[in-house]
Amino acid sequence: MPERRFRFGYVLASKKVSSFIQDSLINHAQENGIDLVPIDLDKPLIEQGPFDCIFHKLYGPENPTAIIVDPIDAIEKLHNRLTMLDVVNELKIAGDNETIGIPIQIFVGENSESLLDAITSQGLHFPVIAKPLIANGSADSHQMSLVLKPEGLEGLKPPIVLQEFVNHGGVIFKVYVAGEHVKCVKRRSLPDIPEEKLGILENLISFSQISNLTAQDQNDDSFAELIEKAVMPPSRFVTDVANQLRDALKLHLFNFDMIRDEKVGNRYLVIDINYFPGYAKMPNYETMMTAFFLDIAREKLNNESR
């Protein structure tokens with residue numbers, strides 16, 4: 001690549017700036033010819049550019065040659081929990097033994113007469129996970145609940161999405177995607193719920209982040225051991241799923257949460273997809289993101305040479 005520098009402008013919420021645009025990322029990108037530049041929305045873009053790439057959601061005629069990461073209409077498709085996972089069922093994964101799918105889920109609107117009737121008619125069984133319909137990153141969109149018994153439905157306020165809860169060994173696989181770069185990490189998740197415990201647990205358990213709920217009878221050491229022993233899904237399978245999702249979603253920056261069915265060990269389920277996730281939670285995220293930035297820079301050079 002020619003020895004020129006590339007200016008990547010970004011427009012991010014202050015919370016995302018503090019978590020993602022860390023000094024380690026800025027320095028690593030600079031060492032590789034990428035300058036990360038904040039865009040001031042109170043000033044004309046033409047006075048701040050030109051930019052070789054702009055992320056996250058700003059585009060206009062003042063910088064028509066910039067590569068935009070990512071299209072707003074593609075991002076908005078992930079804001080609806082009922083439809084965000086539809087694309088998973090369209091994937092053509094040729095794994096050795098592994099299969100990919102999604103849990104059973106239904107939408108319950110404000111005018112629905114009976115939550116219990118909606119569940120039974122669609123073949124759902126308790127426990128189920130109740131999620132707000134809208135997934136836009138707001139605090140309200142993270143107000144999820146685990147419903148263990150029919151009585152727990154009384155505490156829910158539609159519109160909501162009810163999703164099948166599948167025992168998955170208390171481990172979730174978070175797969176981060178940045179263009180063609182894919183990284184899978186293990187995190188602790190909801191603990192398995194044996195049928196014999198359903199009768200003694202509460203009807204409804206609320207939590208702010210589904211992947212952060214911890215079992216009351218397990219300590220940090222036991223969770224760490226659980227995570228350490230968990231077998232990662234085959235890397236070829238993970239990459240294949242990630243690449244096909246990237247193409248289908250038409251997005252560069254996203255992650256998806258995947259679990260492994262405890263009853264069918266080679267059955268994997270995608271339970272959530274998020275745009276521009278917390279990449280900084282990954283070890284050495286600077287390396288992955290800078291590699292992605294360089295891919296964009298090469299694309300920009302190719303466009304300029306045409």
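# Close-up views of a predicted model

**View 1. Helix 7 on the four-stranded sheet.** Helix 7 lies across strand 1, strand 2, strand 3 (53-55) and strand 4, and runs at about 115 degrees to strand 1. Please keep in mind that all the views here come from a predicted model. The open sheet under the helix has four strands in the order 2-1-3-4, with parallel pairing. Strand 2 (34-38) and strand 4 (67-68) are its edges; each has a single partner strand, so one side of each is left without a neighbour in the sheet. Within this sheet, strand 1 (residues 6-10) pairs with strand 2 in the parallel sense over five bridges. To find your way along that pair, look for R7, whose bridge partner in strand 2 is D35.

**View 2. K300 of helix 7.** Is K300, a residue of helix 7, buried or exposed? Its relative accessible area is 6%, and because buried means under 20%, K300 counts as buried. Not counting residues up to four places away in sequence, K300 touches D52, T65 and I67.

**View 3. Helix 2 crossing helix 7.** Here the axes of helix 2 (residues 23-31) and helix 7 (residues 285-305) come within 9 Å of each other and cross at roughly 45 degrees. That angle makes helix 2 oblique to helix 7. The crossing is right-handed. On the helix 2 side, the contact is made by S24, L25, H28 and A29, while helix 7 brings Y285, E286, T287, M289, T290 and F293. Sorted by class, the contact of helix 2 with helix 7 has five nonpolar, four polar and one charged residues. E31 also lies in helix 2, and this residue is exposed, with a relative accessible area of 64%. Although E31 and T290 are 259 residues apart in sequence, their C-alpha atoms are 9.6 Å apart in space.

**View 4. The five-stranded sheet and its two helices.** This open sheet has five strands in the order 5-14-13-10-11, and its pairing is mixed. Strand 5 (99-101) and strand 11 (181-188) are the edge strands, each pairing on one side only. On average, neighbouring strands of this sheet are turned by 30 degrees against each other, direction ignored. Strand 10 (residues 171-178) and strand 11 run antiparallel and are joined by eight bridges; in this pair, I172 stands opposite R187 of strand 11. Helix 6 (residues 235-249) packs on the sheet and touches strand 5, strand 10, strand 11, strand 13 (253-260) and strand 14 (267-275), its direction making about 135 degrees with that of strand 13. Helix 7 packs on the sheet as well, touching strand 10, strand 11 and strand 13, and its direction makes about 155 degrees with that of strand 11.

**View 5. L226 in helix 5.** L226 belongs to helix 5 (residues 220-229) and, at 29% relative accessibility, counts as partly exposed. Which residues is L226 in contact with, leaving aside its neighbours within four places in sequence? They are G169, G170 and V171. For a sense of distance, L226 and G199 are 27 residues apart in sequence and 25 Å apart in space, C-alpha to C-alpha.

**View 6. Strand 8, covered on both faces.** In a regular strand the side chains alternate between the two faces of the sheet. In strand 8 (residues 144-147), M144 and L146 on one side are buried, and so are S145 and V147 on the other. Strand 7 (residues 128-132) runs antiparallel to strand 8, and three bridges join the two. V128 stands opposite V147 of strand 8.

**View 7. Backbone spots worth a second look.** Most residues other than glycine have a negative phi, and most peptide bonds are trans. A cis peptide bond joins G49 and P50, with omega about 0 degrees; P50 sits in the loop between strand 2 and strand 3. The bond from P158 to P159 is also cis, with omega near 5 degrees, and P159 is found in the loop between strand 8 and strand 9 (160-164). The loop between strand 14 and helix 7 holds F276, whose phi is positive, near 45 degrees. N284, found in the loop between strand 14 and helix 7, has a positive phi of about 55 degrees. F276 is buried at 4% relative accessibility, whereas N284 is exposed at 58%.

Terms used
Residues are numbered from 1 along each chain as its sequence is written. This is a predicted model: local features need pLDDT of at least 70, side-chain atom pairs count only at pLDDT 80 or more; totals for chains, interfaces and linings use all residues. Side-chain values use heavy atoms; hydrogens and water are left out. Axes are lines fitted to C-alpha atoms, for helices over the stretch in contact, and angles run from 0 to 180 degrees between N-to-C directions. Angles under 35 degrees count as roughly parallel, over 145 as roughly antiparallel, 65 to 115 as roughly perpendicular and the rest as oblique. A crossing is left-handed if the near helix is turned anticlockwise from the far one by less than a right angle, and right-handed if clockwise. Contact means heavy atoms within 4.5 Å. Ala, Val, Leu, Ile, Met, Phe, Trp, Tyr, Cys and Pro count as nonpolar, Asp, Glu, Lys and Arg as charged, and the others, Gly among them, as polar. Two strands pair if DSSP finds at least two bridges between them. Buried means under 20% relative accessible area, exposed over 50%, partly exposed in between (1.4 Å probe, protein chains only).
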